[in-house]
Every structure is written in C-alpha cells, then in structure tokens.
2 protein chains.
Amino acid sequence: MAKTLKVPEATIKRLSIYMRVLKDLEKNGIEVISSAELAEICGVNAAQIRKDLTYFGEFGIRGVGYYVKELHFDIRKVLGLNQKRNLGLIGVGNLGKALASYRNFSDHGYNFVAAFDADKAKVGTTLPCGIDIYHIDKLKQLVPELNIEIAIITTPASAAQDAADAAIKAGIKGILNFAPVQISVPDGIRVKKVDLTTEFDNLAYHLFTS
Amino acid sequence: MAKTLKVPEATIKRLSIYMRVLKDLEKNGIEVISSAELAEICGVNAAQIRKDLTYFGEFGIRGVGYYVKELHFDIRKVLGLNQKRNLGLIGVGNLGKALASYRNFSDHGYNFVAAFDADKAKVGTTLPCGIDIYHIDKLKQLVPELNIEIAIITTPASAAQDAADAAIKAGIKGILNFAPVQISVPDGIRVKKVDLTTEFDNLAYHLFTS
C-alpha cells in the first residue's frame with residue numbers, strides 16, 4: 001500500500017506517546033482501556049487516536065476500547081521496535097554519558113552496546129553503566145560484530161561530521177545527531193538532528209504569552 | 001481573541017523550527033525568502049506555514065515571500081522569546097552539565113544563571129561553562145534575586161519531585177523535567193516532561209519499517 005509510505009511525522013510522534021502510555025498501563029495491570037480514557041492520558045482526542053491507527057490496520061473493539069497489551073504490542077511492531085535495537089555512542093562527553101545511563105532507553109527496547117571516542121585517555125575504560133569505550137577506529141570492526149544499528153553522535157560540533165563518516169563507512173544506516181551542527185550523509189542513510197532547545201520554546205510559549 | 005488560546009501544539013513546534021531556520025538565514029545575510037523556499041528548508045509545505053502564521057496575524061507579502069529578519073523577530077515575539085529568559089538548573093549530573101554547556105541555549109535566548117544540587121561536595125564549585133553551583137536550599141533566595149523563570153530538573157528520578165516542590169516554593173512557574181518520572185504540580189504551574197527516547201522511535205520507524 002502506498003498509504004503506509006506517507007504516514008505523517010506527527011502520527012509517528014503520537015504513536016511513540018501511545019506506546020509509552022500503553023506500556024505503563026500494561027505494567028499497572030490494566031487490560032482494557034476506552035478510547036476516551038486513552039486519549040485523555042495521551043493528551044489528544046479520541047478521533048485523533050483512531051485516525052492515527054488507521055494508517056496501520058484495524059485496532060480496538062467498538063464499544064469496548066482497546067486491549068492494552070495487544071495495542072502496545074502492535075504499535076511497537078509498527079514502529080519497528082518489536083526487537084531490541086543496538087546503539088553505538090560516539091563521543092563520550094557529558095551528554096554521551098547521560099544518554100548511556102538514561103534508564104528509559106533500555107525500557108523502550110534500545111540497548112547501548114559500545115561507546116567510541118577519539119580521546120586515548122578514555123579508550124579502554126568503562127562507563128559507570130557498564131559500557132566499554134573503544135577508539136573510534138574500532139567502529140569498522142565492532143559495528144558488524146556487535147550488530148550496531150544506530151549511531152548516537154554526541155561529539156563536539158567540530159567532530160560530528162568525521163564521526164558520521166566513520167560510522168557510515170562501518171555500515172551504520174541510521175544516525176541520531178545531538179551535536180549542534182548539520183551533518184551531510186549519502187543517499188540511503190537516515191540522519192535525525194536532535195535539538196534539545198526545542199522543548200524550551202514550547203514551554204516559553206505557554207509561560208510567557210498566554 | 002479566543003483564537004490565540006487554541007494554537008495547536010504542533011503549530012508551536014513548527015514555529016520553533018521556522019524560528020531556527022530564519023535565524024540561520026538572517027545570519028547568512030538573506031533578506032527575503034519565498035514561502036516555497038522557506039517551506040522546503042523547514043521540511044513542511046508552504047500552505048502549512050501560511051496556516052501556522054495565521055494564528056498570530058498577517059505575515060509575508062504576496063508574490064514576494066517573507067522578509068527574513070521581520071518574520072524571525074515576529075515569531076520570536078509570538079513564542080515569548082523576544083527577551084532573554086533565565087534558567088536555573090537543578091541536579092548537576094552528566095545531563096545537567098551537558099545542558100548547561102550546550103551552546104544552542106544561549107543562541108536561542110536562554111541563559112543558565114545558576115545550578116543547584118543537594119550534594120555538598122558540588123556546592124560552592126563552578127561548572128566549566130562558568131555557572132556557580134548552589135545548595136538547593138538557596139533556591140528561595142536566588143530565584144527572585146537572579147530572576148530565574150524556568151527550572152530545568154536533571155536530578156535522578158527519586159529526587160525530581162522534591163526539586164520541583166522547592167522550585168515552585170521559590171516562585172518558579174515553569175519546569176522542564178528531564179528526570180524519567182512524572183512530577184505533580186499545583187494549578188498555575190506548567191511542567192513539561194522531556195523524554196529523550198522519543199526521537200529514537202521516529203528514527204527506528206524510518207529505518208526498520210520502510
């Protein structure tokens with residue numbers, strides 16, 4: 001279906017929210033939830049949830065709502081997160097260390113398996129969360145060996161492009177770039193830039209203009 | 001106008017993107033941009049930009065496009081960012097240190113003015129970015145004194161609620177919570193939880209399901 005290729009980014013973002021809420025509900029032993037209740041917890045309206053889910057198939061039972069465990073499973077599958085995904089961290093500074101030890105990642109199926117840095121003083125040491133730090137030259141060997149699928153770039157801006165190039169040469173297809181700079185990648189590689197300041201703008205809007 | 005009270009969150013998020021793009025264009029000396037070009041750089045369509053801007057007034061000149069500097073200024077004002085905003089950091093761990101030194105904040109009008117922690121070994125020291133670390137008991141004195149408007153909580157999950165309570169007692173009206181836990185706040189206080197893993201879901205969707 002061509003339709004599945006045109007899922008709006010906003011829908012994917014909301015699916016990610018639904019998945020988190022459903023995960024919590026499941027953990028709390030809740031088996032069924034009405035679409036109105038689910039909508040309220042997720043901060044959207046019920047029609048929006050229904051619309052978002054129609055991109056992927058039939059979900060929910062009229063008059064009952066959604067089976068929490070099933071919908072959680074299905075959304076996870078839709079997002080490609082029905083299996084653990086291995087992450088490699090490139091750049092072991094404060095942000096890198098913070099991300100590697102952020103417990104939400106493993107909760108959501110992401111698994112940091114190795115960290116890389118150019119600083120020889122860091123290479124050979126282990127992060128408090130148990131991840132070993134390798135020299136960035138080891139990417140080529142370890143990306144296939146450890147089945148690393150996504151590179152998380154947390155280098156300074158000046159080192160981000162080199163880090164991306166090395167990761168791509170090693171076989172990485174997806175990059176999440178936290179460095180405050182644009183990086184260029186060849187066709188077929190997906191890169192997403194994360195700007196930690198955008199959340200602030202939303203808060204500022206609500207605080208200072210309402 | 002009641003209309004300004006119902007601006008969709010997605011619009012605010014896009015305004016934040018437009019603002020960043022316009023800032024870069026302005027820095028590069030570009031004076032005028034067509035709505036099609038602006039749309040392409042922002043990754044949305046031109047109709048979306050026009051629609052987003054109509055919530056706030058009349059922008060752009062038919063057949064010409066937008067004046068970069070003016071639109072940048074106007075969006076900044078719409079978002080409440082036409083003046084510097086002072087931030088206080090609570091919780092000086094890896095993530096806190098990373099945020100405080102993330103140069104994008106000052107680029108976008110945010111200004112970390114003080115950091116707070118409960119750990120007496122950290123209190124009295126200064127972060128590499130030049131921000132002093134105070135005991136969390138000092139919030140009550142320093143929030144008004146330094147005109148801190150937003151508290152950034154980067155404590156461990158177990159300390160986040162206490163940190164929020166102390167910040168609110170000190171007069172803070174807006175909180176950005178990076179701790180992986182929900183915090184409760186009284187009416188009139190705005191809290192936004194930031195989950196660093198949501199960006200990963202979007203990348204995973206595009207990498208693993210297309």
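**Helix crossings and the two-fold axis**

Reader: Why are α1(A) and α9(B) called oblique to each other?

Author: The model is predicted. In it, the axes of α1(A), residues 9-27, and α9(B) cross at roughly 120°. Angles of 65 to 115 degrees count as roughly perpendicular, and those over 145 as roughly antiparallel. The crossing angle of roughly 120° belongs to neither class, and the two helices are therefore oblique.

Reader: Within what distance do the axes of α1(A) and α9(B) come, and which hand does the crossing have?

Author: The axes come within 9 Å, and the crossing is right-handed.

Reader: What makes α1(A) and α9(B) a contact, residue by residue?

Author: A contact requires C-beta atoms within 7 Å. On the side of α1(A) the residues are A:Ile12, A:Lys13 and A:Ser16. They meet B:Thr198, B:Asp201, B:Asn202 and B:Tyr205 in α9(B). By class, this contact has two nonpolar, three polar and two charged residues.

Reader: How many residues does each chain put into the contact between the chains?

Author: Chain A gives 45 residues and chain B gives 46. On chain B, the elements that each supply at least two residues are α1, α5, α6, β7, β8 and α9. The largest share, 11 residues, comes from α9(B). The side of chain B that touches chain A divides into 22 nonpolar, 13 polar and 11 charged residues.

Reader: How do you know that the two copies are related as by a two-fold rotation axis?

Author: A turn of 180° with a shift of 0.0 Å along the axis lays chain B on chain A, with an RMSD of 0.0 Å. The copies are thus related as by a two-fold rotation axis. The same surface serves both copies, since 98% of the contact residues of chain B recur in chain A.

Reader: Which residue of chain B comes closest to the rotation axis?

Author: B:Asn94 does, with its C-alpha at 2.4 Å.

Reader: At what angle, and with which hand, do α1(B) and α4(B) cross?

Author: The axes of α1(B) and α4(B), residues 68-78, cross at roughly 145° and come within 9 Å. The crossing is left-handed. Among the contact residues are B:Leu15, B:Met19 and B:Leu22 of α1(B), and B:Leu71, B:His72 and B:Ile75 of α4(B).

Reader: How do the residues of the contact of α1(B) with α4(B) divide?

Author: They divide into nine nonpolar, one polar and four charged.

Key. Residues numbered from 1 in each chain as written. Chains lettered and ligands numbered in written order. Predicted model: local features only at pLDDT ≥ 70, side-chain atom pairs only at ≥ 80, totals over all residues. Contact = placed C-beta atoms within 7 Å. Helix = DSSP H or I, 4+ residues; strand = E, 2+ residues; numbered from the N terminus. Nonpolar A, V, L, I, M, F, W, Y, C, P; charged D, E, K, R; others polar. Least-squares fit on C-alpha atoms with pLDDT ≥ 70 in both. Axes fitted to C-alpha atoms, helices over the stretch in contact; angles between N-to-C directions. Parallel < 35°, antiparallel > 145°, perpendicular 65-115°, else oblique. Left-handed = near helix turned anticlockwise from the far one by under 90°.
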